[in-house]
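The following explanation leads a new reader through one molecular structure. Please keep the sequence and the three-dimensional view at hand while reading.

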Amino acid sequence: PSETDTFIRQVIRIIEANLADETFNVKKLADELNMSQPTLYRKLKQVSKLNAIDMIRSIRMSKAATLILEQKYSMQEVAEMVGYNDTRTLRKHFTEQFGTSPSLFAEKSKDGKLP
């Protein structure tokens with residue numbers, strides 16, 4: 001694997017390991033990678049169209065979607081499992097990423113209407 005692939009995999013692994021931590025942020029990600037925030041931003045910009053904040057959010061929303069599809073958890077539980085202490089913020093970010101609210105997403109998945 002290229003240095004780029006290794007770096008992206010490392011970023012994703014660290015974010016996933018800290019998913020439930022609502023205080024996990026770009027500074028903590030940079031610290032875990034042993035680099036400064038500006039270096040992290042620069043490296044991410046070279047290899048991804050997402051900046052560090054958006055990458056953390058995107059991975060959180062993808063995990064939220066997976067948890068919603070499992071249909072085992074309340075929206076509050078899903079929010080906490082992906083690092084949000086309130087469902088309103090989760091709903092806002094989820095809708096921004098997927099173009100539908102978490103509850104509509106859950107309904108569509110039950111009806112088998114997701115692509």
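**From loop to core**

Gln71 is found in the loop between helix H4 (52-70) and helix H5 (75-81). The model under discussion is a predicted one. In this model Gln71 is partly exposed, its relative accessible area being 44%. Its backbone deserves attention: the phi of Gln71 is near 55°, a positive value in a residue other than glycine. The general background is that most residues other than glycine have a negative phi. A second case is Asn34, which has a positive phi of about 55° although it is not a glycine. Asn34 sits in the loop between helix H2 (26-32) and helix H3 (37-47). With a relative accessible area of 72%, Asn34 counts as exposed, because the threshold for that term is over 50%.

From the loops, the account turns to the interior. The largest nonpolar core contains 31 residues, and those that touch the most other members are Phe7, Ile15, Leu29, Leu33, Leu40 and Leu90. Helix H1 (3-17), H2, H3, H4, H5, H6 and H7 each supply at least two residues of this core. The largest share, nine residues, comes from H4. Leu29 illustrates how such a residue is surrounded: leaving aside neighbours within four places in sequence, Leu29 is in contact with Val11, Ile14, Ile15, Phe24, Leu40 and Ile56.

Helix H2 also holds Lys27. This lysine is partly exposed, with a relative accessible area of 44%. Along the chain, Lys27 and Tyr41 are 14 residues apart, and their C-alpha atoms are separated by 11 Å.

Helix H6 can be examined as a unit. H6 has 12 residues and reaches 16 Å from its first C-alpha to its last, close to the 16 Å expected at 1.5 Å a residue. Within H6, Thr87, Leu90, His93 and Phe94 are buried. Seen down the axis of H6, the buried residues fall within an arc of 130°, so they line one face of the helix. A general rule helps in reading this pattern: an α-helix has 3.6 residues a turn, so residues three or four places apart point the same way. The face of H6 turned away from the buried side carries the exposed residues Arg88 and Glu96. What covers the buried residues of H6 includes H4, H5 and H7.

Which parts of the chain does the pair of Phe94 and Phe105 tie together? The count of aromatic pairs in the model comes to three. In one of these, Phe94 and Phe105 are arranged edge-to-face, with 5.2 Å centre to centre and 75° between the planes. Phe94 lies in helix H6 (residues 87-98) and Phe105 in helix H7 (residues 102-110), so the pair ties together parts that are 11 residues apart in sequence. Both Phe94 and Phe105 are buried. Ring pairs link Phe94, Phe98 and Phe105 into a cluster.

Aromatic rings also take part in arrangements with charged side chains. Lys43 lies over the face of Phe7, at 4.5 Å from the ring centre. Phe7 has already appeared among the core residues that touch the most other members. In a second arrangement, Arg60 lies over the face of Tyr84, at 6.0 Å from the ring centre.

Methods. Residues numbered from 1 in each chain as written. Predicted model: local features only at pLDDT ≥ 70, side-chain atom pairs only at ≥ 80, totals over all residues. Heavy atoms only, no water. Phe/Tyr/Trp six-rings, centres within 6.5 Å; stacked < 30°, edge-to-face > 60°. Helix = DSSP H or I, 4+ residues; strand = E, 2+ residues; numbered from the N terminus. Buried < 20%, exposed > 50% of the residue type's maximum accessible area, 1.4 Å probe, protein only. Lys NZ or Arg CZ within 6 Å of the ring centre and 35° of its normal. Core = buried A, V, L, I, M, F, W, Y, C linked by side-chain atoms within 4.5 Å. Contact = heavy atoms within 4.5 Å. Expected span 1.5 Å × (residues − 1). Arc of directions from axis to C-beta.
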